[in-house]
Amino acid sequence: MTSISEDSDKEKVRSVSVDLNNDASLVIDIPDALCERDKVKFTVHTKTTLSSFQKPEFSVPRQHEEFIWLHDTIVETEEYAGLIIPPAPPKPDFEGPREKMHKLGEGESSMTKEEYAKMKQELEAEYLAVFKKTVQVHEVFLQRLSSHPIFRKDRNFQIFLEYDQDLSVRRKNAKEMFGGFFKNMVKSADEVLISGVKEVDEFFEQEKTFLLDYSSKIKDASAKAEKMTRSHKNVADDYNHISGALNSTAADNNTAFKKTISVCVLQKLEDRVASDQELKLTELLRYYTRDIQAAKDLLYRRARALADNENSNKALDKARLKGKDIAQAEENQKQCLQKFDKLSESGKKELTSFKARRVVAFRKNLIEMTELEIKHAKNSVSLLQGSIEILNSN
Amino acid sequence: MSGSCGRIPPPFPDNEDQEAESDTRVLDSDEDDDDEGEDIFTGARSNPITPTSAPDEGDIFSEEGSYIRSDVHHATNGLHPDEEELDLFTEATVELTLTNTTSQGRREIIGPTASACNTTQVPNSILKPSIVTKTTEELEEEESGDQFELNIAVTNPEKIGDGMNAYMSYKVSTQTTLPMFLNKTFSVRRRFSDFLGLYEKISAKHSLLGCIIPPPPQKSVVGMTKVKVGKEDSSSAEFVEKRRAALERYLQRVVAHPSLLQDPDVREFLERDELPRAVNTQTLSGPGLLKMINRASDAVNKMTIKMNESDNWFESKLQEVENEEQLLRRLHAAVDSLVNHRKELCSNTAVFSKSVAMLGSVEENSALSRALSQLAEVEDKMEQLHQQQAFSDFFILAELLADYIRLLGAVRCCFEQRMKVWQRLQEAQSTLQKKREAEAKLLWANKPEKLQQAKDDINEWESKVSQYERDFERVTCTVRKEVLRFEKEKARDFKQHIVKYLESLLHTQHRLVKCWEAFLPEAKAIA
C-alpha cells in the first residue's frame, strides 16, 4: 500500500544516535519499505568493501520478526556478554492510524466532502509518520551493529544482510515464548540478587547505582513526554476543526472570519510542528530508555559472572578440602575468572563509550528541538502580526 | 476618570454655552497583558470629556492615549441645534463603536454650534446626547450618531451568607456623563437574581415591540451549589469569574441598546441602592412555571403559523439567522474542545517538567544535568503559557460564541413576536369579516334592533384592525432596524474579539520565543 523513500528525511531523523554509518566499509540503510496490511517489509540495502561479503552491494527484504531474531541470537551469544547489545526495534504500531481510519469509515456519512477529504489526508499523514518512525528505528538498530567493531563481524548479522532467501524465522512457539517469559522473571529475580552482590570494582559500583536510578527516571520522563505531545497534537487538531467549521459556511463577507480561518490553519500547522519537535524529544527518551536497559543487561551479565566466579572459588576450596575433582574445579575456576575479567574489561569500555554517546545524542536532540521551536514560534509571530494588522486596518 | 467633583446640570437649550462633546475612545490595539480580568475603568487615565471648539481646530479631540473599556466607543454625529428644544432624552441613540474612531469620525461633529461654543476646557461639562431623527438620516445610518458615555463594570464578587441560602453579590459600577442619571459615578451591589429580574421586566415591555433583548447569563445549579457549599477550589473560582464576566457583558449589551437604556427599570437597576428581591425568576415559582407553559405553547404556535410574507427580507433574514446559529454552535463545540485539550496539555506539561527535573538530578554529566534542569524550567514556563492561553481561548472566543448563540435566539424571538402580531392582525381581520357578515345577515333578516349592536361591533373591530395594522407596521419597522443594528454590532464585536484573540496568541508565541532562546545556550553548552 504505502511505500516510502527516505532521502531527505534521513538527516532530520538521525538525532537519536549519532556517528553511525561513518565507516564506509560497511554502510547499511533502509531506503524503501512496503506496508501490506499489518506487515511491513523493509528493504535492507548494504554497501560494503569488506571481503567477507559476496557482493559489494546488495539488498534483501526483511520483516520485523527477522530483526528480532537477529537481536535474540546476538543476545544469546556468550561471547558478546561483555558488550552492550543494541536494543531491538519495537514492533511497528499502526494502532493509532488504524483507529482513526475506523472512525473515518464510520463517520463518513455524517461528514461533508471537504471534511472527509481533510480527515483522510490527516490520516494518511499520520500513517506516514508512524511508518517513517518504524523504518528509522529498524535502520538505527542495524547501523549500531554495523558500526560496532565486534558485532559487524557476527556471522548471523552477515547472513541477515546477505541471505536473499527467506530466513524462515519461525515465530517462537509457545514453549519458547514461555521460556522467554520465564527468563525475564529470572532476570528480575537476578536484579534483586545482583543488587545484593558485593561489588569489588568501584567503577561498576557507581555505574550500577547510576543506571538503576536513571533507568526508572528516564522511563518516567519518556512516558510523560509522550502524553504531553499527544495533548499538543490534540490542540492542533482542534484548530483544524475550527478552521473547518469556519470554512464550511458562506462567511464570505466577513473578513474577520476569513482571517481567522487562515490563522487557525497555520496555527494548527505550527502546533503540529511544535508537537513534532516534542515528539523527537520523546523518541530520544524512549530510545535511551531501551538503551539504558541494554546497559543494565550488561551489568547483570557481569554480576552473574561475578557470582559464578565466587561460586567457582568456593567449589574449588571445597574440592581442595575434599581432595576430589581438584583439577576440574581448578579448570572451572580459571574459566570463570577469565570470563569475568573479560566481561569487566569490555564492559567498562562499553559503558564509558555509552556515556559519551548518550550525552552527545541528548545535546544534538535538544539543540535541534530548541532551534526548530524558535523558528516556528517566530513564524507564528510574524503571521499573527500580519493578520492583526490587516484586521485592524479594515 | 477625570475629576468630576461638582456636577453641573445639563445646559438648557437656550444656554449659549453649548459644548458639544464627544468622547474619544480609541481602541488601543497595543494592549498587551490585558487579557486577564479586565478591571473596571482601565482607562482611568482616559480623558472623558474633551471640549470642542471651532471646527478649524482640525483634530479636536485630544487623544491622550485615552483608552477605557475596549468595548465602549462612540463616534459622534452632527449636532442638531434646532432640536435642542426637544426633550434631551427622546430618541437618543447610543452608538458603541469599537473601531478606532479616528479623527474622521469626529470631524463632522461640531457643526453650527461651534461658533457659539466656549472653548473652556472644563472637564466636567456635560455631554449632550445628540438627537437624531428619522427624517434626517436613513434607517441604516441612524445608529451612527450620538455622543454619550456610559461605562459599566461588574466586579468584586462577594459571598454573602452561608450554606444553601448564600449568594454571590456583585458590584455594579457605572461611570457616565448622561444627564439622566443622578451622579456621574456610582455603584450598587446586585445579585444574580436581580439581573434575571431586570431581564424579565425589560422583556415584558420591549419584546412585544420587536426589540432584540439581550439574554442574561444562564442559571447553573451545579456551579452555584459548589459556591454556596463553600468549596474554595479553582473550579468554583472559575465559575464565579465566568459569571461575573457574563453579567458584565450582559449589562453592556443592555445599555448599548438605545431604547433599553431609556427604560426606567434599567436606570433603577443601575442606580437604586436596594432592589426588591426578584422572586419570580426562580424556576419553580409560579411565574416560572407559567413561563415554561407559555414557552411550550409558543413552540406549538410557531409550527402552525404560516405567514404570508410580502417582504422577502424577513424570510431570508430568518434563514440567515438560523444558519448562523448552527455555525456558531459548531464553532463553540470546537472551541470548547480546544479549551479542554489545552488544559490537558497544561497539566501534562507540568507533570513532564517535574519528570525532566528528576532526570536532570540523576544525570551524572554535569552540563547535561544542568541543561535538563533548565529544560524542566522551560517546560514549567510553557505550562503557565498554556494556562494563560486556555484562559484567553475561553474568555475571548468561547464565551463570545456562547453569547451570540443566545443572542441569535433572541433575534429569532424577535421575529416570532412579529409573527404573533401579524397573527393577531389576521384574527382581528377575520373577526371583522365575520362581524360584517353578521351585519349583512341581520340586514337581510331585517332585524333592526340588533343592527345597531352589529354596527357597533363592526366599528369596534374596524378600529382594532387598523390599530393592529399600525402595530404590525411598527413592529416590522422596529424588527428591521433592530436586526440591522444587531448585525453591525455583531460584526464589530466579532472583529474586536478576534483581534484580541490573535493578540493573545501573539503574546504567547512571543513568550515562547523568549523561553526557548534563553534555553538554547544551555543546550549548546552540553559537553
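Two strands count as paired when DSSP finds at least two bridges between them. Keep that in mind for a first look at this predicted model, starting with a pair of strands in chain B.

**A hairpin in chain B**

Strand β1, residues 150-160 of chain B, runs antiparallel to strand β2, residues 167-176 of chain B, and the two are joined by nine bridges. If you want a spot to find by eye, look for Glu158(B), which sits opposite Ser169(B) in β2(B). Together β1(B) and β2(B) make a hairpin, with six residues between them. In that turn, Gly161(B) has a positive phi of about 85°. As a rule, side chains in a regular strand alternate between the two faces of the sheet.

**Salt bridges**

Now for the charged side chains. Opposite charges can pair when the charged atoms come close. Over all chains, the structure holds 41 salt bridges. Here are three of them, with their N to O distances:

| Side chain 1 | Side chain 2 | Distance, N to O |
|---|---|---|
| Glu364(B) | Lys355(A) | 2.7 Å |
| Arg249(B) | Asp403(B) | 2.4 Å |
| Arg342(B) | Asp393(B) | 2.6 Å |

Let's begin with Glu364(B) and Lys355(A), whose side chains meet in a salt bridge. This pair crosses between chains: Glu364(B) is in the loop between α8 (312-362) and α9 (366-445) of chain B, while Lys355(A) belongs to helix α9 (residues 326-393) of chain A. Are these two buried or partly exposed? Glu364(B) is partly exposed, at a relative accessible area of 34%, and Lys355(A) is partly exposed too, at 22%.

Next come Arg249(B) and Asp403(B), which also meet in a salt bridge. Arg249(B) lies in helix α4 (residues 234-256) of chain B and Asp403(B) in helix α9 of chain B, so their contact ties together parts that are 154 residues apart in sequence. Buried means under 20% relative accessible area. Arg249(B) has 14%, so it is buried, and Asp403(B) is buried with 5%.

The third pair is Arg342(B) and Asp393(B). Here the link runs from helix α8 of chain B, home of Arg342(B), to helix α9 of chain B, home of Asp393(B), and the two residues are 51 apart. Arg342(B) counts as buried at 5% relative accessibility, and Asp393(B) is buried with a relative accessible area of 0%.

**A shared network**

Which residues are joined into one network by salt bridges that share partners? They are Arg249(B), Arg253(B), Glu399(B), Asp403(B), Arg406(B) and Asp493(B).

Notes. Residues numbered from 1 in each chain as written. Chains lettered and ligands numbered in written order. Predicted model: local features only at pLDDT ≥ 70, side-chain atom pairs only at ≥ 80, totals over all residues. Heavy atoms only, no water. Helix = DSSP H or I, 4+ residues; strand = E, 2+ residues; numbered from the N terminus. Salt bridge = Lys/Arg side-chain N within 4 Å of Asp/Glu carboxyl O. Buried < 20%, exposed > 50% of the residue type's maximum accessible area, 1.4 Å probe, protein only.
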